[in-house]
Amino acid sequence: MSIGLNRRALLGAGGVTFAAALAAAGTRPTHAAAPMRGDLPPAWHRFKWGEFEATVISDGSLPLGKPADSFVGPGAAQIPEMLTANFLDPNAATLEQNILVLNTGRQLLLFDTGMGESMGADSKMFGPTTGRMLANLRAAGIQPEQIDMVVATHAHCDHVWGLVDANGQRVFPNAQVAINEADVKFWTDDANKRGPAFMGPFIEGAKKNLNAYRDRMVMVRNEQEVVPGVVAIFTPGHTVGHTVYAITSGGRTMVNTGDLAHHQVLLLRQPMMEFAFDSDPKQSAVTRSRMLDRLATDKHAVLSYHFPWPGLGHVKKEGEGYAWVPSAVNVTSVGPG
Ligand SMILES: [Zn+2]
């Protein structure tokens with residue numbers, strides 16, 4: 001077999017396929033094809049924000065199932081069309097969980113904890129893909145003992161159930177927990193176990209996780225500076241005490257929006273649409289509309305907990321609603337622009 005013939009065959013000259021060319025040349029692979037790996041890469045992304053260093057880590061994806069089960073109310077009839085037009089599955093909505101670690105130079109802050117494993121089978125109520133926060137935190141070179149403060153947007157499972165481990169022990173032994181007091185009161189009160197079926201486990205999980213930090217809790221108030229450069233903004237509706245955080249350094253502001261909006265298409269194009277897990281869906285929709293307007297007007301960068309990884313971008317006005325403009329993210333990225 002001449003080199004020339006082989007090369008011509010490999011190039012597929014005359015319409016010969018690669019496999020046919022190998023067979024024709026009498027050549028067989030000497031080993032099995034490489035196995036599909038199927039494992040997930042570590043998921044973290046780091047960038048500078050003024051004087052601060054930010055690291056987004058993933059707690060894994062969170063499948064919601066049928067979109068119509070979670071997104072209801074005004075505009076819901078257009079859900080299949082909106083998803084299809086944006087190249088998304090019209091039959092299944094999947095959210096991400098983007099957790100921010102912020103090093104201010106003086107303190108190391110963790111914004112929400114992901115689903116964790118504290119509640120056994122309930123920790124996997126959205127399937128097996130959640131609960132990757134600790135592994136990804138360590139992969140990013142950060143140890144849980146180094147966290148000075150966990151800053152919570154609200155007390156739902158995918159945000160605070162990673163505070164303790166399955167035995168109820170604190171995962172962040174040196175951390176304070178900053179959270180709105182109304183959320184702590186509501187989600188640790190057994191009297192609120194009524195309504196949708198998820199209320200029972202949500203309250204049990206909040207009790208187990210929040211009560212372990214009772215002696216080191218910082219109650220955040222609207223417009224209060226949590227640490228220098230981080231200001232709480234009260235955004236009630238999704239929960240009674242839902243809070244987002246404006247992070248400013250070097251003259252730039254990025255808002256960690258938590259669960260202000262769960263979907264980058266549905267709830268931005270139709271901000272008055274309602275979300276099934278909202279404590280007060282109508283208040284949530286009004287809060288969302290106001291805050292989206294503020295974000296678009298002020299052109300602040302956004303880190304959204306549930307938007308496509310790593311959740312960094314901007315909100316702009318479009319039509320009657322808003323559009324999500326994701327930031328370019330690569331290994332030399334210095335921030336969400
Ligand atoms: Zn959430």
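Contact here means heavy atoms within 4.5 Å. This is a predicted model, so local features need pLDDT of at least 70 and side-chain atom pairs count only at 80 or more, while totals for chains, interfaces and linings use all residues. Residues are numbered from 1 along each chain as its sequence is written, and side-chain values use heavy atoms, with hydrogens and water left out.

**View 1. Leu 64 and the largest nonpolar core.** Skip the neighbours within four places in sequence, and Leu 64 is in contact with Ser 70, Phe 71, Ala 93, Leu 95, Phe 126, Phe 275 and Phe 277. The largest nonpolar core (buried Ala, Val, Leu, Ile, Met, Phe, Trp, Tyr and Cys residues joined through side-chain atoms within 4.5 Å; buried is under 20% relative accessible area with a 1.4 Å probe, protein chains only) has 68 residues. Leu 64, Phe 71, Leu 110, Ile 147, Phe 172 and Val 315 touch the most other members. Helix H8 (residues 199-211) gives the most to this core, 5 residues; helices are DSSP runs of H or I with at least four residues and strands are runs of E with at least two, numbered from the N terminus. Apart from this core lies another one of 23 residues, including Trp 49 and Val 220.

**View 2. The zinc site.** Asp 158 (OD), His 159 (NE2), Asp 259 (OD) and His 306 (NE2) coordinate the zinc ion at 2.1 to 2.2 Å. Donors are N, O and S atoms within 2.8 Å of the metal (3.2 Å for Na, K and Ca), and sites may look incomplete because water is not among the atoms. The 4 donor atoms subtend angles of 85 to 164 degrees, which makes the arrangement irregular: four donors are tetrahedral if all angles lie between 85 and 135 degrees, four are square planar and six octahedral if opposite donors are over 155 degrees apart and all others between 65 and 115, and anything else is irregular. His 159 sits in helix H6 (residues 157-160), and His 306, 147 residues apart from it, in the loop between strands S16 (301-304) and S17 (312-318). Both histidines, His 159 and His 306, are buried.

**View 3. Around Leu 292.** Leu 292 is part of helix H10 (residues 281-298) and counts as buried because its relative accessibility is 2%. Beyond the neighbours within four places in sequence, its contacts are Leu 260, Leu 267, Leu 268, Pro 271, Val 315 and Tyr 322. The C-alpha atoms of Leu 292 and Lys 317 are separated by 8.6 Å, with their positions 25 residues apart along the chain.

Definitions and conventions
Buried means under 20% relative accessible area, exposed over 50%, partly exposed in between (1.4 Å probe, protein chains only).
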